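Notebook open, model loaded. I want to go through the cysteines, then a helix, then a pocket.

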Amino acid sequence: MSETKLYDVAVIGSGPAGMTAALYAARAGLSVALFERMMPGGQMAETEKIENYPGFPEGVSGYDLALSMSQQAARFGVEEVAEEVERIDLSADPRVIATPYRTVEAKAIIVATGARPRKMDLPNNAELEGHGISYCATCDGNFFRGKKVVVIGGGDTAAADAIYLSRVCEEVTIIYRRSQLRATRVYHDVLEGLENVRFEWDSVVEEAYAYDGKLSGVRVRNVQTGEQKELSCAGMFVAIGTVPNTEFLAGALPLDEGGYIVAGEGCATSVPGVFAAGDVRAKSLRQVATAVADGANAAEAAAEYVAEHR
């Protein structure tokens, strides 16, 4: 294990919140380590087109935006560490961050680990992941070109997935437990104009069928009438919300009932010098724009904390 290194700020997670926090902290003259176990961008990088991030009239690829943010942070001296943080010790001063390969110290920590897709509660869910069940339409949609697929959910992600899939799949069925989508109105208008998109309202998936190890169909139940039906499909794209990536904290920070980190609008947690930004923070709206705002606020607060504790 390498010698312990001390940073002014350690940012855990390199989604839009983490990369913005790292950028702002580095531009403030602080030494910054940015930890990310996978590619930069988080869920943003898996989004085909982002249309509600200001400054891009025609929209922007999530991957391209993530790459630009990463390059910008690197230009100001952010040190990227492509390793997963396994644990942190907030009782130590300075704080301790441990990965499988190293241990570093930091005067302040910004947790921006985001969230991951929530999974379906089906007996064979795990077996069918990668064999018909997917959580990323832009990643896996082309595997189902010319086939029938279903999309589970009614929010912005589900609507955007359905629109994308309608361009490559024979038929897309949106299955949602309510009688209308909760997605932004602009998505409703687009979906209503697509001839190969249909809806199963007030419905939930009760069972997924497999043939030769791959998804072949689903059994759907109407929650209002109790009526059940079977739909044949080769793919099921799940967009039913997210689960915060907070397991590594092991109780080190207070969480709300959904497992999100409790922190105010200034992103400060109840532990001095520790901040939470982006989708991992308890809040009402989780978008790229709000994640970027969190990152800026968290970095500013962390810079003030470091200055006060030199």
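**Entry 1: cysteines**

Which cysteine is joined to Cys136 by a disulfide? I looked it up, keeping in mind that this is a predicted model. The partner is Cys139, with the two sulfurs 2.2 Å apart. The count comes to one disulfide by the sulfur distance rule.

Next I checked the handedness. The torsion about the S-S bond of Cys136 and Cys139 is about 65 degrees, so I noted this disulfide as right-handed.

Are the two ends buried or exposed? Cys136 is buried at 9% relative accessible area, while Cys139 is partly exposed at 41%.

Then I went after Cys169. I found Cys169 in no disulfide, and its nearest cysteine sulfur, in Cys233, sits 11 Å away. Why is there no bond from Cys233? The closest cysteine sulfur to that of Cys233 is the one in Cys169, and 11 Å is too far for a bond, because a disulfide here needs the sulfurs within 2.5 Å. Both come out buried: Cys169 has a relative accessible area of 5%, and Cys233 is also listed at 5%.

**Entry 2: helix α5**

I moved on to α5, residues 156–166. How many of its eleven residues are buried? Eight are, so I wrote α5 down as largely enclosed by the rest of the structure. The cut-off I used for buried is under 20% relative accessible area.

I listed the buried ones by name. They are Ala158, Ala159, Asp161, Ala162, Ile163, Tyr164, Leu165 and Ser166.

What do these residues pack against? I got two helices and four strands: α4 (137–140) and α6 (185–192) for the helices, then β9 (148–152), β10 (171–175), β11 (197–200) and β15 (235–238) for the strands.

**Entry 3: second largest pocket**

Last stop was the second largest pocket, with a volume of about 300 Å³. Which of its 14 lining residues are closest to the centre? I read off Gly130, His131, Gly132, Phe144 and Ala234.

I also wanted to know which strands feed the lining. Both β8 (133–134) and β13 (214–222) supply at least two residues each.

By class, I have the lining of this pocket down as six nonpolar, four polar and four charged residues.

How values were computed. Residues are numbered from 1 along each chain as its sequence is written. This is a predicted model: local features need pLDDT of at least 70, side-chain atom pairs count only at pLDDT 80 or more; totals for chains, interfaces and linings use all residues. Side-chain values use heavy atoms; hydrogens and water are left out. Buried means under 20% relative accessible area, exposed over 50%, partly exposed in between (1.4 Å probe, protein chains only). Contact means heavy atoms within 4.5 Å. On a 1 Å grid over the protein atoms alone, a cavity is a set of points where a 1.4 Å probe fits but cannot get out, and a pocket is an open set with protein on both sides within 12 Å along at least five of seven lines; lining residues have an atom within 4 Å of a point. Grid points are joined across faces, edges and corners, and a volume is the space filled by probe spheres set on the points. Ala, Val, Leu, Ile, Met, Phe, Trp, Tyr, Cys and Pro count as nonpolar, Asp, Glu, Lys and Arg as charged, and the others, Gly among them, as polar.
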